[in-house]
Amino acid sequence: MAASTGPSQPSFSRLRELTPDSDRIQELSDAGTDSEFEDIATVPQYELDNIAYFDRMRPIIVDDLKTETSEVQDETLNVILPFLEGNPNEFPLNEFGLPHLQRVKHARYLDDALGSYSEHYVALDAARPWVLYWSLQALTALGEGIGAFQTRVVNTFVPCQHPDGGYGGGHGQLPHLAPTYAAILSLAIAGGAAAYESINRRSLWHYLGRMKQPDGGFTMAPGGEEDIRGAYCAMVCLSLLNLPLELPADAPARSCGMTNFLDQLGDWISRCQNWEGGISATPGNEAHGAYAFCGLGCLSIMGPPKETLNRYLDVPRLIRWLSYRQCTPEGGYNGRTNKLVDGCYSHWVGSCWALVEAANGTGIWNRTALARYILSAAQAKTGGLIDKPGKRADAYHTCYNLAGLSAVQYNHVFDEDMKGSVGVGELAAPYHWWVAGLYEEGKIWVEEDMVDEIHPVFIMPYDAVSACRKYFEDKEGF
Amino acid sequence: MPRFYHDDPAWSDVTPIPQLESGQVLAGISYTAEYSEAMSYLRAVMAANEYSTRVLDLTEHIISLNPAHYTVWLYRAQTLSALNRNLREEIKWLNPTALKHLKNYQIWHHRQTIIDRLGSCDGEQEFVEQMLEKDAKNYHVWSYRQWVVRRFGLFGDEGERKWCEGMMERDVRNNSVWNHRFFVVFGGLKGEVEEGLLKRELEYAQDAVRKAPQNECPWNYIRGVLRQAKKPMSTVKEFAKEFADLEKPDEVRSTHALDLLADIYEEEKKNDEAKTALDLLANKYDPIRAKYWEYRARSLDSAAVEA
């Protein structure tokens with residue numbers, strides 16, 4: 001029969017690895033003799049502390065049955081654990097025995113990511129707007145000024161804007177909601193009238209109208225796939241650019257009786273919450289961390305999270321599913337049940353919590369364990385952040401690990417009564433957030449390891465969010 | 001051999017549209033001359049709304065250079081439709097391309113467009129199987145399979161369910177298979193879940209739990225099935241207790257059984273027992289989620305106060 005219990009299972013502890021002879025393992029676990037300390041005397045104290053911590057976090061119950069899933073998981077943990085317990089990258093450590101955030105190296109990596117690419121990177125041709133967004137956002141998270149890039153951001157997006165509205169990946173490419181979202185966010189992060197005015201809001205509004213579907217959701221492109229990314233990206237554009245919620249006269253969904261971008265949208269999101277409690281790309285698919293964030297982000301734009309999340313989702317079931325995404329003992333998140341930990345879910349799952357906690361009470365998630373994973377296992381030796389040890393850095397994982405770290409370090413509050421200079425009119429809920437302070441409980445980072453505050457709905461700097469919305473609230477017409 | 005168009009008589013009537021220069025940019029790519037020229041011809045034919053055989057050749061060429069190019073795929077689909085092309089031929093061409101680029105969104109959407117127009121899913125299940133041989137949890141492949149089930153009315157289909165069981169034999173921890181089973185069994189259901197169906201699905205999941213009690217999937221499945229059937233969680237109380245008995249707190253064989261028991265005790269208004277289960281999870285069996293288990297315990301208190 002399958003499960004075996006007992007605190008000495010399984011045997012991937014570093015403590016045991018440090019004593020290669022199996023007889024010694026026996027001797028060690030029998031415990032008590034002085035000689036065990038001789039063997040580990042060369043191991044620094046911080047590493048012993050980490051080893052002790054991960055021994056506590058290791059699942060006690062491990063099934064005997066081996067399948068592809070459990071084998072890949074075991075192999076992966078063997079690769080990751082040395083980074084969590086020791087310091088193979090030889091990074092300088094903070095007072096908690098964890099690697100410092102390698103700010104300088106990461107900033108340099110991101111500067112490079114914004115530079116030129118050789119012909120071998122042709123696969124990026126349809127995804128350049130993403131490279132800009134990830135890199136710019138990550139730089140601001142590190143507290144780096146991006147003023148020097150402002151003009152070049154605008155220059156890059158001018159040819160991407162399609163004459164019929166929306167943005168493609170480059171000149172002559174069809175408009176698509178993914179590059180549109182990345183373009184709008186990048187331009188908003190860059191900020192300034194030149195960036196804002198480069199956006200043709202009227203044609204974008206018409207384009208979004210063409211994406212609205214009779215079932216309430218949004219397609220990504222004309223003739224393209226309909227999924228929950230579309231719903232989130234469309235809401236981000238409508239809100240940040242303060243566009244009318246009324247569907248344009250030429251929107252095909254009008255022929256099905258729809259008049260408003262929000263028509264049946266909440267119900268459509270509802271249908272994406274599946275039997276697992278998580279949220280899927282479209283109704284019927286498997287629950288997935290990235291789609292969960294899109295769904296929650298979309299609802300948090302539609303109204304105050306307390307109202308919209310509780311109206312359209314079974315929040316306790318969602319919380320349960322989100323909690324289970326935290327891998328033990330790794331501390332980072334996976335995106336689906338029985339999948340591997342991956343640094344990008346530091347954001348996709350980690351950033352769900354601010355939205356969920358605004359709807360349902362705070363103090364639900366283990367922030368410290370996530371920070372451990374990001375600092376110890378998700379920083380590449382030469383700069384940039386990664387999925388897991390052994391993988392290469394890229395702008396995507398750099399952006400989303402840092403966003404996850406920010407989610408860990410700050411407490412965000414949704415304040416219905418907030419009165420500010422911004423946040424009047426439609427889709428104004430996301431302008432009611434503020435940072436109530438730092439998260440201190442059990443923290444394992446120091447000042448030097450802090451990233452900047454990130455707006456929990458838009459995943460860009462707070463001030464860039466309000467400056468952009470304010471600009472378009474003050475502007476008459478399109 | 002790179003392929004060029006400027007000296008090809010078949011293309012002499014087309015004036016290519018080169019990529020717009022817009023001053024200094026970020027993340028620019030130094031394209032090969034071949035890619036750069038092919039894209040310039042694509043921009044030109046798209047601007048002229050040209051749908052022709054040579055456009056199909058051009059899109060095939062660009063796809064071979066950059067399969068992640070959604071524009072080319074979408075325009076190819078439009079061209080196929082405008083030319084009323086033999087879509088079976090298209091699928092034959094598509095298969096090796098798909099097998100080469102597993103994580104590509106565009107290929108799957110393209111396939112969906114084509115199969116939708118063909119109106120027949122002959123061979124699709126076999127093809128999906130081939131893809132899953134390479135990557136048994138690929139999200140796009142599974143989503144596509146779910147689209148096939150919906151489009152071609154395979155809800156409740158016994159063959160589809162048996163196929164899931166085969167996949168499950170391979171790896172009972174593959175959550176994508178569990179999701180597909182749930183989708184096939186319950187996705188098309190209108191009205192109540194019959195007793196027989198409920199029993200069959202619960203037994204299937206319970207057998208899976210016995211193979212590996214710490215596997216999260218079948219426990220979630222049990223919760224999902226009960227919810228679908230509008231049955232209380234206490235329906236499986238005795239089963240859960242096989243794997244976690246509060247009387248024997250050192251012999252727990254599944255954290256998921258403890259979690260389920262906590263919910264069952266809450267359902268039965270036995271808050272002390274629920275708290276014992278949550279406490280075991282927080283302090284012994286699943287400490288990484290301690291905050292979550294403590295939140296659940298707090299929720300019990302507030303529910304009691306409200307009552």
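## Cavities in the model

A cavity is a set of grid points where a 1.4 Å probe fits but cannot get out. With that in mind, welcome to this predicted model, in which the count comes to three cavities of 30 Å³ or more.

Let's start with the largest cavity, which holds about 80 Å³ of space. Its lining consists of A:G350, A:S351, A:A354, A:A403, A:S406, A:A407, A:H412, A:I454, A:H455, A:P456 and A:I459. By class, these lining residues are six nonpolar, five polar and no charged. Helix α20 (residues 395-409) of chain A makes the biggest contribution to the lining of the largest cavity, giving three residues.

The second largest cavity has a volume of about 40 Å³. Both chains appear in its lining: A:S323, A:Q326, A:Y333, A:W353, A:I364, A:W365 and A:N366 come from chain A, while B:I288, B:R289 and B:Y292 come from chain B. Here the lining divides into six nonpolar, three polar and one charged residues.

## A pocket lined by both chains

Now for an open space. The second largest pocket has a volume of about 800 Å³, and 29 residues line it. Lying nearest its centre are A:E225, A:E226, A:T282, B:Q112 and B:W147. The elements that each give two or more residues to this lining are α13 (265-272) of chain A, along with α5 (105-118) and α7 (139-151) of chain B.

Which element gives the most to the lining of the second largest pocket? That is α7(B), with eight residues. If you are thinking about the chemistry of this pocket, its lining residues divide into nine nonpolar, 11 polar and nine charged.

## Where the chains meet

The contact between the two chains takes in 88 residues from chain A and 74 residues from chain B. Together they bury about 7100 Å², with 54% of that area on carbon and sulfur atoms. Three residues, B:L26, B:Y139 and B:I288, supply 13% of the area that chain B buries against chain A, more than any other three residues. You have already met B:I288, as one of the residues lining the second largest cavity.

How many salt bridges cross the interface of chain B and chain A? The rule finds three. B:K291 forms a salt bridge with A:E441, and their closest N and O atoms are 2.7 Å apart.

## Chain A: annotation and backbone

For chain A, an unreviewed UniProt entry carries the annotation "domain: Prenyltransferase alpha-alpha toroid", covering residues 101-458. Over that stretch the chain is 43% helix and 3% strand, and the C-alpha atoms at its ends are 23 Å apart.

Two backbone details deserve a look in your viewer. The peptide bond from A:T328 to A:P329 is cis, with omega near 15 degrees. A:P329 sits in the loop between α16 (315-324) and α17 (345-348) of chain A.

The other detail is A:I459, which has a positive phi of about 55 degrees although it is not a glycine. A:I459 is found in the loop between β4 (433-438) and α21 (462-474) of chain A, and A:I459 is also one of the residues lining the largest cavity.

Notes
Residues are numbered from 1 along each chain as its sequence is written. Chains are lettered from A and ligands numbered from 1 in the order in which they are written. This is a predicted model: local features need pLDDT of at least 70, side-chain atom pairs count only at pLDDT 80 or more; totals for chains, interfaces and linings use all residues. Side-chain values use heavy atoms; hydrogens and water are left out. UniProt positions are given in the numbering used here, feature names are shortened, and annotations may be inferred rather than shown by experiment. Helices (H or I, at least four residues) and strands (E, at least two) are DSSP runs, numbered from the N terminus. On a 1 Å grid over the protein atoms alone, a cavity is a set of points where a 1.4 Å probe fits but cannot get out, and a pocket is an open set with protein on both sides within 12 Å along at least five of seven lines; lining residues have an atom within 4 Å of a point. Grid points are joined across faces, edges and corners, and a volume is the space filled by probe spheres set on the points. Ala, Val, Leu, Ile, Met, Phe, Trp, Tyr, Cys and Pro count as nonpolar, Asp, Glu, Lys and Arg as charged, and the others, Gly among them, as polar. Contact means heavy atoms within 4.5 Å. Buried area is the accessible area (1.4 Å probe) that two parts lose on being put together, summed over both. A salt bridge is a side-chain nitrogen of Lys or Arg within 4 Å of a carboxyl oxygen of Asp or Glu.
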